[in-house]
Amino acid sequence: MIVPGASITPETYRDGMASVAGHVHLVTTAGPSGTSGFTAIAVASVSDDPPTLLVCLNRKSANGGLIEANGVFAVNALAAGAEVLAETFAGRRGLAGAARFKEGLWSQLVTGSPTLDTALVTFDCRVIEVKPIATHAIFIGQVEALRVGPGGPALAYFGRGYRSIPR
């Protein structure tokens, strides 16, 4: 099926994106403006020199204001089996803000953002730029520290459901 550009609605776009697998991440922040986090698929490497990545977040989310005000965030790549954490940070378990961190084991690296001890990898970032694009904001962060976790299969989202990707 081909959908011409003028006929692409938000719904048809989301249907198309359901055919794109993405690693599930928890993006977290902490600082003077508060502690919070959210589940994200839209995370990508920007550069390895200096190490830089980006995270996309709907501008209606309160998490964007916290990240911008705190100036830091961490990206925690989830291992398979972490669906409860993914759902908690997606807001589907009734918890918000710092209450979301009751699940999982957390520590800090350099920026003070919460980092998940069981993540496959964690990137601890300082915000270097924020770009509003349509309904979302792109947060670009320079990696200040990273921790490679224990390994194992990854948690992905594909076809509107969680999937395990073997290592």
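## A guided tour from helix H2 outwards

Begin at Gly-71, the residue that follows H2; its phi is positive, near 75 degrees. Please note that the model on display is predicted.

**Stop 1: helix H2**

Select residues 62–70, which make up helix H2. At its N-terminal end, display Ser-61, which acts as a cap: one of its side-chain oxygens lies 3.1 Å from the backbone nitrogen of Asn-63.

Which residues of H2 are buried? Colour Asn-63, Gly-64, Leu-66, Ile-67 and Asn-70, and the buried set of this helix is displayed. These residues lie on the same side of H2, because they cover an arc of only 165 degrees around the axis. Then turn to the face that points away from the buried side, where the exposed residues Ala-62 and Ala-69 are found.

Next, show what the buried residues of H2 pack against: strands S2 (25–29), S3 (36–40), S5 (51–58), S6 (72–77), S9 (121–133) and S10 (136–148).

**Stop 2: strand S2 and its partners**

Of the strands just listed, select S2. This strand is mostly covered, with 5 of its 5 residues buried. In a regular strand, side chains alternate between the two faces of the sheet. In S2, His-25, Val-27 and Thr-29 belong to one side, Leu-26 and Thr-28 belong to the other, and both faces are covered.

Now add S3, which runs antiparallel to S2 and is joined to it by 5 bridges. The two strands form a hairpin with 6 residues between them. In the turn, pick out Gly-34, which has a positive phi of about 130 degrees.

Add S6 as well; S2 and S6 pair in the antiparallel sense over 4 bridges. Which residues are the bridge partners of Thr-28? In S3 the partner is Gly-37, and in S6 the partner is Ala-74.

**Stop 3: Thr-122**

Move to strand S9 and select Thr-122, which has its place there. Is Thr-122 buried or exposed? Its relative accessible area is 1%, and Thr-122 therefore counts as buried. Show the side chain of Asn-76 too: the side chain of Thr-122 makes a polar contact with it at 3.0 Å.

To view the surroundings of Thr-122, leave aside its neighbours within four places in sequence. The residues in contact with Thr-122 are then Ala-74, Val-75, Asn-76, Leu-109, Thr-115, Leu-116, Ala-145, Leu-146 and Arg-147.

**Stop 4: an open sheet**

Select S1, S11 and S12, which form an open sheet of 3 strands in the order S1-S11-S12, with antiparallel pairing. S1 (22–23) and S12 (161–165) are the edge strands, each pairing on one side only. S1 pairs with S11 (residues 154–158) over 2 bridges in the antiparallel sense. To locate one of the bridges, select His-23, whose partner in S11 is Ala-156.

**Stop 5: the whole chain**

Finally, show the complete chain, whose secondary structure comes to 3 helices and 12 strands. The radius of gyration is 16 Å, close to the 15 Å given by the globule rule for 167 residues, so the chain is as compact as a globular protein of that length. The C-alpha trace spans about 50 × 40 × 35 Å along its principal axes.

With a surface displayed, the accessible area comes to about 8900 Å², and 58% of it belongs to carbon and sulfur atoms. Of the 167 residues, 37% count as buried. Among contacts between residues at least 6 apart in sequence, 63% join residues at least 24 apart.

Note on methods: Residues are numbered from 1 along each chain as its sequence is written. This is a predicted model: local features need pLDDT of at least 70, side-chain atom pairs count only at pLDDT 80 or more; totals for chains, interfaces and linings use all residues. Side-chain values use heavy atoms; hydrogens and water are left out. Buried means under 20% relative accessible area, exposed over 50%, partly exposed in between (1.4 Å probe, protein chains only). The arc is that of the directions from the helix axis to the C-beta atoms. Contact means heavy atoms within 4.5 Å. A polar contact is a pair of N or O atoms within 3.5 Å; within protein, one must be able to donate a hydrogen and the other to accept it, and residues adjacent in sequence count only if both atoms are side-chain atoms. Two strands pair if DSSP finds at least two bridges between them. The radius of gyration is taken over C-alpha atoms; the globule rule is 2.2 Å times the number of residues to the power 0.38. Accessible areas come from the Shrake-Rupley method with a 1.4 Å probe; for residues, only the protein chains shown count as cover.
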